[in-house]
Amino acid sequence: MSEAAAVARADRRTVVRLSQRDLVVLWPRAEAVIDPRTPPRRIFLSPHFDDAPLCAGGRMLAGPPGVWRTVVFFSRSAFWRFRVERDEAFIALLRLAEERHAARLFGYALETAGLAEAPLRGRPDPLNPAEKPDSRDREVIEAVRRLLASLAARFPDARFAVPMGIGHHIDHRILRDAALAVLPSCGVGRDRIELCEDLPYAATARRRVWPPTVLPGARLKPRVEAVRADWKAEGLRAYFSQLHAEQIAAVEQYARSLGGGFGAERFWLAGSA
Ligand SMILES: [Zn+2]
């Protein structure tokens with residue numbers, strides 16, 4: 001073996017070790033900082049940090065950087081997965097840093113609305129399907145609706161990706177219901193609205209019969225787009241404070257179960273079933 005080959009092999013071993021310890025994220029293309037003035041062709045309406053790459057990261061990677069803009073609505077958060085107490089300001093900074101990293105990896109422009117996520121509105125059990133929007137949510141619902149109307153006006157040609165609400169997270173449902181009500185009333189045609197499968201919920205649910213379970217009566221047509229599940233999973237490691245390895249593996253496995261060779265993402269369009 002030549003000296004160069006021996007060094008290359010040692011380097012590879014080092015990189016693999018670093019990535020196994022979550023210290024580096026390997027990536028197939030140059031990171032891109034997207035100018036927020038770039039008009040997007042597609043807008044992901046993201047309840048929280050991490051939802052956009054979880055649901056659409058594969059499609060974001062399939063095209064050139066700059067096609068997508070992610071608008072994070074409930075970007076005030078005090079959640080991380082570790083059992084160490086930290087104040088809200090610390091976690092908020094960390095989560096913003098993770099999201100900015102993900103934006104460079106997946107190549108989207110980022111906007112945040114600064115609304116408080118469910119636990120900060122006095123909702124300790126946001127995934128409980130029995131939780132219904134009430135007075136605790138009134139202010140954020142009004143803010144969500146105003147922002148949706150302004151996005152529709154600012155970007156009259158963009159397509160909107162909306163979380164479907166699989167997993168029943170109340171913030172996802174609030175955003176979905178507002179989007180399905182406000183966007184059409186602002187002139188956004190059905191052909192410009194797509195409903196995305198919320199992850200990791202869709203990957204870990206016991207029953208997989210949506211959309212009827214989350215949107216009774218809706219007539220939606222599925223679209224499946226081939227993506228690179230392996231690179232999507234690698235990019236999701238940017239969310240070190242949120243996603244553990246088993247969740248990322250479940251998301252990757254789900255993408256592979258949808259087909260498309262290396263994997264796929266599925267979304268749903270309004271129309272006849
Ligand atoms: Zn979410």
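In this predicted model, His-168 sits in the loop that links strand S4 (159-163) to helix H5 (170-185). The backbone does something worth pausing over here: His-168 has a positive phi of about 65 degrees, although it is not a glycine. His-168 counts as partly exposed because 17 other C-beta atoms lie within 10 Å, a number that falls short of the 20 needed for a buried residue.

A second positive phi appears at Asp-50, where the angle is about 90 degrees, and this residue is not a glycine either. Asp-50 belongs to the loop between strand S1 (42-46) and helix H2 (51-62). Is Asp-50 buried or exposed? With 24 other C-beta atoms within 10 Å, Asp-50 is buried, since 20 or more are enough for that label.

The backbone also holds a cis peptide bond, which joins Leu-199 and Pro-200 with an omega of about 5 degrees. Pro-200 is placed in the loop between strand S5 (193-196) and helix H6 (201-204).

The strands come together in an open sheet of 7 strands with mixed pairing, and their order is S3-S2-S1-S4-S5-S7-S6. Which strands stand at the edges? These are strand S3 (109-112) and strand S6 (220-226); each has a single partner strand, so one side of each is left without a neighbour in the sheet. From one strand to the next, the twist averages 25 degrees.

Strand S1 gives a good view of how a strand can sit inside a structure. S1 is mostly covered, with 5 of its 5 residues buried. Arg-42, Phe-44 and Ser-46 point one way from S1, while Ile-43 and Leu-45 point the other way, and all are buried. S1 runs parallel to strand S2 (residues 68-72), and 5 bridges join the two. Within this pairing, Leu-45 has Val-71 in S2 as its bridge partner.

Elsewhere in the sheet, S4 and S5 pair over 4 bridges, in the parallel sense. To find a spot where this can be followed by eye, look for Ala-161, which stands opposite Glu-194 in S5. Helix H5 lies across S1, S4 and S5, and runs at about 145 degrees to S4.

Helix packing comes next, beginning with the pair H7 and H8. The axes of helix H7 (residues 229-236) and helix H8 (residues 245-257) come within 9 Å and cross at roughly 160 degrees. An angle over 145 degrees counts as roughly antiparallel, and H7 and H8 are therefore roughly antiparallel to each other. Their crossing is right-handed. On the H7 side, the contact involves Ala-229, Asp-230, Lys-232, Ala-233 and Leu-236, and these meet Ile-248, Val-251, Glu-252, Ala-255 and Arg-256 in H8. Sorted by class, the contact of H7 with H8 has 6 nonpolar and 4 charged residues, and no polar ones.

Helix H7 also meets H2. How do the axes of H2 and H7 cross? They come within 9 Å and cross at roughly 125 degrees, and H2 and H7 are therefore oblique to each other. The crossing in which H2 passes H7 is right-handed. In H2, the residues Pro-53, Leu-54, Gly-57, Gly-58 and Leu-61 meet Ala-229, Trp-231, Lys-232, Gly-235 and Leu-236 in H7. This contact of H2 with H7 has 6 nonpolar, 3 polar and 1 charged residues. Readers comparing the two lists will find Ala-229, Lys-232 and Leu-236 of H7 both in the contact with H8 and in the contact with H2.

A last stop is Arg-104, which is found in helix H3 (residues 88-106). Arg-104 is partly exposed, because 19 other C-beta atoms lie within 10 Å, and a buried residue would need 20 or more. The chain brings distant parts of the sequence together at this point: Arg-104 and Ile-34 are 70 residues apart along the chain, yet their C-alpha atoms are separated by 7.6 Å. Leaving aside residues up to four places away in sequence, Arg-104 touches Glu-31, Ala-32 and Val-33.

Conventions: Residues numbered from 1 in each chain as written. Predicted model: local features only at pLDDT ≥ 70, side-chain atom pairs only at ≥ 80, totals over all residues. Buried ≥ 20, exposed ≤ 12 C-beta atoms within 10 Å, placed from the backbone. Axes fitted to C-alpha atoms, helices over the stretch in contact; angles between N-to-C directions. Parallel < 35°, antiparallel > 145°, perpendicular 65-115°, else oblique. Left-handed = near helix turned anticlockwise from the far one by under 90°. Contact = placed C-beta atoms within 7 Å. Nonpolar A, V, L, I, M, F, W, Y, C, P; charged D, E, K, R; others polar. Pairing = 2+ DSSP bridges.
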